[in-house]
Amino acid sequence: MSKITVIHGPNLNLLGMREPSLYGSETLATINQRLEETIESAGHEFEAYQSNAEHELVDKVQSAIPDTAFIIINPGAFTHTSIALRDAFLGVQIPFIEVHLSNVDSREEFRRHSFFADIAVGSIIGLGPQGYLLAAQAALSRVEVA
């Protein structure tokens with residue numbers, strides 16, 4: 001049994017009421033519940049974490065060793081700004097998938113650069129909450145092979 005940790009960055013606690021035309025109407029609790037069901041039904045441990053604070057996200061990534069086998073992260077706005085969070089991933093060397101609910105490539109120019117895309121196993125963008133479930137399926141396939 002492996003542990004898969006899902007980390008949600010800033011403002012994702014507002015899902016369901018924050019710009020539903022961009023992010024959909026599902027709440028973070030609903031997304032986490034579906035992820036938990038998917039991951040635990042495959043026989044693995046699920047953990048979810050959300051913070052609006054960069055240093056808390058860095059701490060969460062660092063504290064994931066040694067018991068987390070895979071991370072799924074939506075870094076939110078830190079995608080475009082956080083070298084500290086990038087360095088945390090490089091430091092722990094835990095494989096991860098970057099997820100974004102909206103299609104960041106079709107939005108403002110500053111949202112088109114990710115500090116994580118080149119070090120992630122993969123990125124899933126623009127598929128709404130389904131992107132998290134696709135990331136969970138990919139993570140499960142990777143931890144079951146390991």
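In this predicted model, Lys-3 comes out as buried, with a relative accessible area of 11%. That falls under the 20% cut-off, so the label "buried" applies. Being tucked away does not leave Lys-3 without partners. One of them is Glu-47: the two form a salt bridge, and the closest N and O atoms sit 3.2 Å apart. The contact joins distant parts of the chain, since Lys-3 belongs to strand β1 (residues 3-8) and Glu-47 to strand β2 (residues 45-50), with their positions 44 residues apart in the numbering. Glu-47 is buried as well, just like Lys-3.

Asp-67 also forms a salt bridge with Lys-3, again with 3.2 Å between the closest N and O atoms. Here Lys-3 in strand β1 meets a residue from the loop between α3 (54-63) and β3 (68-74), so the pair ties together parts that are 64 residues apart in sequence. Asp-67 has a relative accessibility of 44% and therefore counts as partly exposed, while Lys-3 is buried. Taken with Lys-60, these residues make up a network: Lys-3, Glu-47, Lys-60 and Asp-67 are linked by salt bridges.

The structure holds five salt bridges in total. Another of these pairs Arg-34 with Glu-26, and here the closest N and O atoms are 2.6 Å apart. Neither side of this contact is buried: Arg-34 is partly exposed at 37% relative accessible area, and Glu-26 is partly exposed too, at 23%. As a general point, side chains of opposite charge can pair when their charged atoms come close.

Some acidic residues group together instead. Glu-36, Glu-37, Glu-40 and Glu-45 gather on the surface as a patch of negative charge. The biggest share of this patch comes from helix α2 (residues 28-41), which supplies three residues. Glu-37 is found in that helix, and its relative accessibility of 48% means that Glu-37 counts as partly exposed. A patch residue needs over 30% relative accessible area, so Glu-37 clears that bar.

Glu-36 from this patch also has a neighbour worth pointing out, namely Phe-46. The C-alpha atoms of Phe-46 and Glu-36 are separated by 5.7 Å, although the two residues are ten apart along the chain. Phe-46 has its place in strand β2. With a relative accessible area of 12%, Phe-46 is buried.

Turning to the aromatic side chains, the structure holds two aromatic pairs. In one of them, the ring centres of Phe-89 and Phe-116 lie 6.2 Å apart and the ring planes meet at 80°, so the pair is edge-to-face. This contact, too, bridges distant parts of the chain: Phe-89 sits in helix α4 (residues 83-92), whereas Phe-116 comes from the loop between β4 (96-100) and β5 (122-125), and the two are 27 residues apart. Both Phe-89 and Phe-116 are buried. Phe-96 joins in as well, as ring pairs link Phe-89, Phe-96 and Phe-116 into a cluster.

Note on methods:
Residues are numbered from 1 along each chain as its sequence is written. This is a predicted model: local features need pLDDT of at least 70, side-chain atom pairs count only at pLDDT 80 or more; totals for chains, interfaces and linings use all residues. Side-chain values use heavy atoms; hydrogens and water are left out. Patches are made of residues with over 30% relative accessible area and no salt bridge: like charges are joined within 9 Å, nonpolar side chains (Val, Leu, Ile, Met, Phe, Trp, Tyr) within 5 Å. Accessible areas come from the Shrake-Rupley method with a 1.4 Å probe; for residues, only the protein chains shown count as cover. A salt bridge is a side-chain nitrogen of Lys or Arg within 4 Å of a carboxyl oxygen of Asp or Glu. Lys and Arg count as positive and Asp and Glu as negative; His and the chain ends are not counted. The place of a charge is taken as NZ of Lys, CZ of Arg, CG of Asp or CD of Glu. Helices (H or I, at least four residues) and strands (E, at least two) are DSSP runs, numbered from the N terminus. Buried means under 20% relative accessible area, exposed over 50%, partly exposed in between (1.4 Å probe, protein chains only). Rings of Phe, Tyr and Trp (its six-membered ring) pair if their centres lie within 6.5 Å; planes under 30 degrees apart count as stacked, over 60 as edge-to-face and the rest as tilted.
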